[in-house]
Amino acid sequence: MPNIEQLTKGAVPDPIDHRDFAAAPMLSVLPPVDWSKGSGLSRPPLRDQGQADSCVAHAWSYYHQQIKSLEFSRRDLFARIAQQYGAGIRDGGWAIVTQGQQTETELPDPNPETPANMRDKTGIDLTKELDDQEANSFIVPNDVESVAKAIVAYKGVAGGVTGSNEGWHDMTNPRPPQAGESTWGHALYFVDFHIHSDGQKCIIAVTSWPNAGIVEHHIRENYFTSGNTFNPWTLIPKEQQIMPKKFKVNDHGKLGIMILEGFTGTILFADSMAHYTELCDANGIDDTTPTITLP
């Protein structure tokens, strides 16, 4: 079986884009997760990425399968988002949102998966992708609590980890990279959570390296706090209706309201208490409306 030095990765951190719609305000009104119960989500059947740098397509395809109960073509997604090496995590979600994704039946993945044949666009058909186009994708705060909440609320999270070969010799229970170690990026589908045997909160991801004899990766809280996780994203299916549409907002004592229209929101701040009351009355916001307290 291959070891970590022989396995291909391929996640590239997303460049900053202030147009990204963040899930932080919605997640803040959700109750804390029960770490002892986990998410209750099923694990998708495992697929190995072979020698291809296509982990981003694998992570998003696992995620897409979770919400649609269909197996999706990794090549259909990766060939559209591939960079010279690997792909950005944001790009995988937005490709599904803007164009959709073909199923494995419509466009079978190559065997073996290599960097070249996973970039082959032969057979990619926009008309077949569109019936599995989704509504939106949000970026999630990069901390263990927010990722766990998003797993429950959105049936998973696709995100990245920075790793080192030394830290991933135990691929099921990796540690964050240490100073002086060469690092790489890898994309994962986060599907569950629990309290790890060492007492830390832990996010569980399914693997795209099953041929290495593993089924999942346990990314513990110290991995998040060390700064070695990046770009966690959700995928919102078209038919899913989420969250209340209206919120009160408290930004360190500055009061306002937020109105969600679909999956984008507008915050209106009041310049006085009387103005705040007017905003609430005009928008049907009352004592039962949840409050978002901004950090």
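This report covers the sheet, the helices packed on it, the nonpolar cores and some local backbone features. The model is predicted.

**Sheet**

Five strands make up an open sheet, ordered S6-S5-S4-S3-S7, with antiparallel pairing. Strand S6 (216–220) and strand S7 (229–233) are the edges, and each pairs on one side only. On average, neighbouring strands are turned by 40° against each other, direction ignored. Strand S5 (residues 201–206) runs antiparallel to S6, and five bridges join the two. Within that part of the sheet, Val206 stands opposite Glu216 in S6.

**Helices across the sheet**

Helix H4 (residues 89–98) lies across strand S3 (157–164), strand S4 (183–195) and S7. The angle between H4 and S7 is about 10°. Helix H6 (residues 144–154) lies across S3, S4, S5 and S7. H6 runs at about 65° to S4.

**Arg90**

Helix H4 contains Arg90. Is Arg90 buried or exposed? Arg90 has a relative accessible area of 10%, under the 20% cut-off, so Arg90 counts as buried. A polar atom of the Arg90 side chain lies 2.7 Å from the backbone oxygen of Pro15. Beyond its neighbours within four places in sequence, Arg90 contacts Asp14, Pro15, Ile16, Asp17, Asp20 and Trp233.

**Nonpolar cores**

In soluble globular proteins, nonpolar side chains tend to be buried together. Here the largest nonpolar core holds 59 residues. Val56, Trp60, Trp168, Phe190, Ile203 and Trp209 touch the most other members. Helix H2 (residues 55–68) supplies the largest share of this core, eight residues. Another core, of seven residues, lies apart from it; Ile259, Ala270, Leu279 and Ile285 are among its members.

Which residues does Trp168 touch, not counting those up to four places away in sequence? They are Ile4, Val161, Gly163, Pro174, Arg175, Trp184, Trp209, His217, Ile219 and Tyr223.

**Local backbone features**

Two residues other than glycine have positive phi values, as tabulated here.

| Residue | Phi | Loop | Relative accessibility |
|---|---|---|---|
| Ser69 | near 55° | between H2 and helix H3 (74–81) | 65%, exposed |
| Lys155 | near 65° | between H6 and S3 | 39%, partly exposed |

Ser69 counts as exposed because its relative accessible area of 65% is over 50%. Lys155, at 39%, falls between the 20% and 50% cut-offs and is therefore partly exposed.

A cis peptide bond runs from Asn111 to Pro112, with omega near 5°. Pro112 sits in the loop between H4 and helix H5 (126–129).

How values were computed
Residues are numbered from 1 along each chain as its sequence is written. This is a predicted model: local features need pLDDT of at least 70, side-chain atom pairs count only at pLDDT 80 or more; totals for chains, interfaces and linings use all residues. Side-chain values use heavy atoms; hydrogens and water are left out. A nonpolar core is a set of buried Ala, Val, Leu, Ile, Met, Phe, Trp, Tyr and Cys residues joined through side-chain atoms within 4.5 Å. Buried means under 20% relative accessible area, exposed over 50%, partly exposed in between (1.4 Å probe, protein chains only). Helices (H or I, at least four residues) and strands (E, at least two) are DSSP runs, numbered from the N terminus. Contact means heavy atoms within 4.5 Å. Two strands pair if DSSP finds at least two bridges between them. Axes are lines fitted to C-alpha atoms, for helices over the stretch in contact, and angles run from 0 to 180 degrees between N-to-C directions. A polar contact is a pair of N or O atoms within 3.5 Å; within protein, one must be able to donate a hydrogen and the other to accept it, and residues adjacent in sequence count only if both atoms are side-chain atoms.
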